[in-house]
Amino acid sequence: MLQVLSRLLLYKAYYYFGFPRIMPMSYTISLTWDCNSKCSTCFVCKRKSTDMSLDEYKKVFYHLGKSPYWITFSGGEPFLRKDFTEIVKSFYDICKPRIINIPTNGILTNTIIKSIQDICQHCKKAQIIVNLSIDGIGDQHDQIRNVPGNYQKVILTFDKLKKMCKATNNNTDKPLYSRIDRSKNIDRKKQQTGNIKSSLKYKSKGNNFVYQASIKDKNSNKINEDAANNISFKNLSVGIHTVISKYNIDNFAMISNTLMELKPEQYITEIAEERHELMTVGVDITPELLNYKAAVDYLTHRIKHTDIEKRMNRITQAFRIEYYKLAKAILRFKTQIIPCYSGVVSCQIAPDGDVWACCIKAKSLGNLRKNKYNLKKILRNIKFKKERKYIKDKQCYCPLANASYTNMLLDFKTLFRVFYRSFVKWFN
Ligand code: SF4
Ligand code: SF4
C-alpha cells in the first residue's frame with residue numbers, strides 16, 4: 001500500500017512538472033474487437049484489426065516490467081480469443097500485477113469457467129475480478145444486446161462463478177439461487193445455441209421467485225458443473241456491470257434492485273456515452289442528465305443506507321458515491337472537475353498495438369509493432385507529450401469510470417472524504 005501511495009505522489013509530480021517520467025500503473029489491453037453480442041450501445045465489432053499474437057504480447061509485457069498494478073483485459077469479448085488464458089498467465093508471470101480485471105458479456109459459460117479456474121489457480125497472488133455486463137432483466141437484456149438467450153447465459157455464468165468464490169462459499173451453506181421478480185408462478189425457458197442447451201426453471205418461493213439453471217451439451221450431459229461446484233478461489237471476485245443508457249433508464253431502479261439481489265461482490269454502473277473506441281460518436285444512446293441523476297441518486301441512497309460492516313467494503317462504496325457525484329458534476333458543468341491523469345497513470349493498448357491515452361478519444365499516439373513493442377518509447381514521443389498537455393489544459397472531459405476512479409485516487413479532497421466516511425462516520 002505504501003508503495004502505491006508513494007507512486008501516486010510521483011504521478012502528481014510527473015503531471016505538474018513533467019518529472020520523474022514513470023510508467024503508468026493502470027493498463028487496459030483490448031485483445032480483440034470481435035464480439036458475440038451486438039449491443040445497441042456499442043459498435044466495436046465494426047472495427048477491423050490484425051490482432052497481436054501471444055508472442056507479440058510477451059514482448060510488450062517484458063517492456064512493461066513490474067510497472068502494472070492494475071490490468072484490464074477487455075475487448076470486444078476477450079474470451080473469444082483462443083489464447084486468452086495463456087495471455088493472462090504470461091502477463092502475470094512477467095509483470096506480477098496485483099489486480100486483473102476481466103469484463104465479459106458472459107455468453108460463453110463453459111469457456112469462461114474453465115479459463116477463470118485456470119487463471120485463478122495460476123495467478124495466486126493477484127486479485128482476479130470478473131465483471132459480467134447486464135443491462136436489463138430477461139428479455140430486455142436480450143433486446144439491448146440483440147442476442148436471444150443472452151440473459152439466461154450470463155446469469156448461469158454468474159452463478160457458476162459465484163460458486164467459485166471462496167468468500168461466497170464461506171458465507172452460505174445453501175445453493176446459490178438468484179431471486180427474480182416475475183409475474184408468473186412457474187416459468188420454464190429453454191434455449192439451444194449450437195451444441196449447447198440451457199434451461200431455466202422459475203419457481204415461486206414465499207414472496208420471491210427463484211430459479212435453477214442447467215446447461216447441457218447436445219448429448220444432454222451436464223457441462224463442467226461438478227468442476228465449477230467443487231473448486232473455489234479466495235483470489236476471485238465476481239461483479240455485475242450495467243451500462244445506463246436510453247434503452248434502460250426508464251426502469252433502471254427495477255434493474256439495479258434485481259441485480260443487487262443476486263449479491264454480486266460489486267455492482268457498478270456507467271453511463272452510455274459517445275466513445276470513439278466503441279464507434280458511438282453521434283449515436284443517440286446517452287440518457288438525459290436529469291434521468292441519469294435520478295438513477296445514480298437512487299444508487300447512492302441505497303449505498304448510504306445499507307449497513308456495511310467490513311471496512312474494505314465501506315471504502316469501496318464510499319468511492320462509488322464519490323464517483324456518482326463526480327460523474328453528475330462532469331456532465332452538468334461539461335469540464336474536468338478534478339484533473340484527468342490519463343496518459344500519465346493509465347493508458348490503453350488496442351488489439352493491433354495502437355496506444356491510446358484513453359478509450360473515449362481512441363487516438364493513436366504510436367504503434368507498438370512499429371516501436372519494437374516498447375511502450376516506454378511511445379509514452380515519451382512528442383505526440384504523447386502533446387496529448388498529456390491537451391488533457392492537462394482541460395480540453396476534454398468525460399465521466400469514464402475507469403479514468404475517474406484513478407483520478408479520485410490522486411485527489412486529496414476525495415481521499416479525505418472517503419477516509420472520513422469509512423473510518424470516522426458512515427453516512428447513516
Ligand atoms: S458492449 Fe461489450 S458485449 Fe456489447 S458489443 Fe460491445 S464489446 Fe460486445
Ligand atoms: S477527460 Fe475523459 S476524454 Fe479526456 S483524457 Fe480523460 S478520460 Fe479521456
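**Close-up 1. Threonine 306 in the loop between α10 and α11 of the predicted model.** Threonine 306 belongs to the loop that links helix α10, residues 289–304, with helix α11, residues 311–333. Because 13 C-beta neighbours are found inside 10 Å, threonine 306 counts as partly exposed, a class that lies between exposed, with 12 or fewer such neighbours, and buried, with 20 or more. Although threonine 306 and phenylalanine 427 are 121 residues apart along the chain, their C-alpha atoms are separated by 9.4 Å.

**Close-up 2. Helix α2 and what covers its buried residues.** In helix α2, which spans residues 54–64, the buried residues are Tyr57, Val60, Phe61 and Leu64. Seen down the axis of α2, these buried residues fall within an arc of 100°, and they therefore line one face of the helix. The cover over the buried residues of α2 includes helix α3, residues 84–95, and helix α12, residues 375–379. Just after α2 comes glycine 65, which takes a positive phi of about 60°.

**Close-up 3. The open sheet and its edge strands.** The sheet is open and is formed by 8 strands in the order β10-β9-β4-β3-β2-β1-β11-β12, with mixed pairing. Strands β10 (266–271) and β12 (355–356) stand at the edges, and because each has a single partner strand, one side of each is left without a neighbour in the sheet. In general, the strands of a sheet pair through backbone hydrogen bonds, in either a parallel or an antiparallel manner.

**Close-up 4. The pairing of β9 with β10, and helix α4 on the sheet.** Strand β9, residues 236–244, runs parallel to β10 and is joined to it by 6 bridges. Within this pair, threonine 242 stands opposite threonine 269 of β10. Helix α4, residues 109–122, packs on the sheet, where it touches β3 (99–104), β4 (127–133) and β9, and the direction of α4 makes about 160° with that of β4.

**Close-up 5. The surroundings of ligand 1.** The residues that surround ligand 1 are Cys35, Ser37, Cys39, Cys42, Val44, Gly75, Gly76, Glu77, Asn105 and Ser133. Sorted by class, the shell around ligand 1 holds 4 nonpolar, 5 polar and 1 charged residues.

**Close-up 6. The surroundings of ligand 2.** Around ligand 2 there are 13 residues, of which Cys340, Cys358, Cys396, Cys398 and Ala403 come nearest. Sorted by class, the shell around ligand 2 holds 10 nonpolar, 2 polar and 1 charged residues.

Key. Residues are numbered from 1 along each chain as its sequence is written. Chains are lettered from A and ligands numbered from 1 in the order in which they are written. This is a predicted model: local features need pLDDT of at least 70, side-chain atom pairs count only at pLDDT 80 or more; totals for chains, interfaces and linings use all residues. Two strands pair if DSSP finds at least two bridges between them. Helices (H or I, at least four residues) and strands (E, at least two) are DSSP runs, numbered from the N terminus. Two residues are in contact if their C-beta atoms, placed from the backbone, lie within 7 Å. Axes are lines fitted to C-alpha atoms, for helices over the stretch in contact, and angles run from 0 to 180 degrees between N-to-C directions. A residue is near a molecule or strand if its C-beta atom, placed from the backbone, lies within 6 Å of it. Ala, Val, Leu, Ile, Met, Phe, Trp, Tyr, Cys and Pro count as nonpolar, Asp, Glu, Lys and Arg as charged, and the others, Gly among them, as polar. The arc is that of the directions from the helix axis to the C-beta atoms.
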